[in-house]
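Visitor: I have a structure open here and would like to walk through it with you. Could you take my questions one at a time?

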Amino acid sequence: MSKQTILGRVTQLAKANINALLDQAEDPQKMLDQLIRDYTNNISEAEQAVATTIGNLRMLEADHAEDVNAAAEWGAKALAASRKADELRTTGTPGTPTDADKFDNLAKVALGRQLQSEKEAKTAEPTIAAQTEVVEKLKSGLNSMKTKLTELQAKRDELVARAKTAQAQNTMMDAVKNIDVMDPTSDLNRFEDKVRREEAMALGKQELAASTLDAQFEALDDLDKNTEIEARLAALKAGGGSGPAGT
């Protein structure tokens, strides 16, 4: 996986609009679960890729530091050899010029090595600078991905909690609706109406029985009246007065 591919993926994932994705989802909770799994996997892959990129950068930096140190060491060696040559020439002892030339040649060799090390160090500097910029962007993108993952997890937990609350509310409303449809008090009302009708019927029967009894007593009174009339009629015929019988 190349640096640009890693950087592109990390940047794209870090900029993902969670709310827009949720708006397009038929089942937001399932989509969030899938996004969390994908993000976790992508973060793991990105961490490995970023670690590899950082490792390569550190190797470049180590090589650059080694070249810089080597250039300094070769410079010091060149200076030492040049001074030794100057010293030999100053003493003026026989054979000294040949030895002085030898040390000057050594100084030249050291200076050549110094130039080579400086060239290698300078050549690596743009690559190190570019790699450092890429690593910083990768780190920033990776941190954004981790922040986004935390946001995803929080939204997922919030959504689950809201779904459970809504489910509980719907269950309660369904229970209330069933209570309204099958209200036990309506059965009590019907039973009460039936009792009242029974009580009314009993009162009616009592009233009817009472009226029948009154009629019987009235008939008895009529019978007594007819008896008295018959007695008075018999008294008239016997020549008695029209007063009550027995007077």
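Here is our conversation about the fold, the cores and the charged pairs.

Visitor: Before we start, what kind of model is this, and how are its residues numbered?
Guide: This is a predicted model, in which local features need pLDDT of at least 70 and side-chain atom pairs count only at pLDDT 80 or more, while totals for chains, interfaces and linings use all residues. Side-chain values use heavy atoms, with hydrogens and water left out, and residues are numbered from 1 along each chain as its sequence is written.

Visitor: Thanks! Which pattern does the protein follow along the sequence?
Guide: Helices (H or I, at least four residues) and strands (E, at least two) are taken as DSSP runs, numbered from the N terminus. The secondary structure comes to 5 helices and 0 strands. Read along the sequence, the pattern is therefore α-α-α-α-α.

Visitor: What share of the residues counts as buried?
Guide: Buried means under 20% relative accessible area, exposed over 50%, and partly exposed in between (1.4 Å probe, protein chains only). Of the 247 residues of the protein, the buried share is 21%.

Visitor: And what share of the accessible surface belongs to carbon and sulfur atoms?
Guide: Accessible areas come from the Shrake-Rupley method with a 1.4 Å probe, and for residues only the protein chains shown count as cover. The accessible surface of the protein comes to about 17800 Å². The part belonging to carbon and sulfur atoms is 56%.

Visitor: Which element gives the most residues to the largest nonpolar core?
Guide: A nonpolar core is a set of buried Ala, Val, Leu, Ile, Met, Phe, Trp, Tyr and Cys residues joined through side-chain atoms within 4.5 Å. The largest has 10 residues in all, among them Leu32, Tyr39, Ile43, Met145 and Leu152. The elements giving two or more residues to this core are α3 (28-91) and α4 (96-181). With 6 residues, the one that gives the most is α3.

Visitor: How many residues are in the other core?
Guide: That core lies apart from the largest one. Its members include Ile54, Ala124, Ile128 and Val135. The number of residues in this core is 8.

Visitor: Among contacts between residues at least 6 apart in sequence, what share joins residues at least 24 apart?
Guide: Contact means heavy atoms within 4.5 Å. As a single example of positions separated in sequence, Asp38 and Leu149 are 111 residues apart, with their C-alpha atoms 9.8 Å apart in space. For the protein, the share asked for is 77%.

Visitor: Is Ser117 buried or exposed, and which residues does it touch?
Guide: Ser117 has its place in helix α4. At 8% relative accessibility, Ser117 counts as buried. Leaving aside neighbours within four places in sequence, Ser117 is in contact with Asp67, Ala70, Ala71 and Trp74.

Visitor: Which residues does Gln114 touch?
Guide: Gln114 is also found in helix α4. Its relative accessible area is 18%, so Gln114 is buried. Not counting residues up to four places away in sequence, Gln114 touches Ala71, Trp74 and Gly75.

Visitor: Which residue lies over the face of Trp74?
Guide: A charge sits over a ring if NZ of Lys or CZ of Arg is within 6 Å of the ring centre and within 35 degrees of the ring normal. The distance from the centre of the Trp74 ring is 4.5 Å, and the residue is Lys77.

Visitor: How far apart are the closest N and O atoms of Arg58 and Glu61?
Guide: A salt bridge is a side-chain nitrogen of Lys or Arg within 4 Å of a carboxyl oxygen of Asp or Glu. Arg58 and Glu61 are 3 residues apart in helix α3, so about one helical turn separates them. Both are partly exposed, Arg58 at 40% and Glu61 at 29%. Their closest N and O atoms are apart by 3.0 Å.

Visitor: Which residue forms a salt bridge with Lys137?
Guide: The two partners are 4 residues apart in helix α4, about one helical turn. Lys137 is partly exposed at 45% relative accessibility, and its partner is partly exposed at 47%. With the closest N and O atoms 3.5 Å apart, the partner is Glu133.

Visitor: Finally, how many salt bridges does a search of the whole structure find?
Guide: Another pair is Arg162 with Glu158, at 3.9 Å between the closest N and O atoms. Arg162 is exposed at 54% relative accessibility, while Glu158 is partly exposed at 44%. Salt bridges that share partners also join Arg89, Asp101 and Asp104 into one network. Over the whole structure, the number found is 7.
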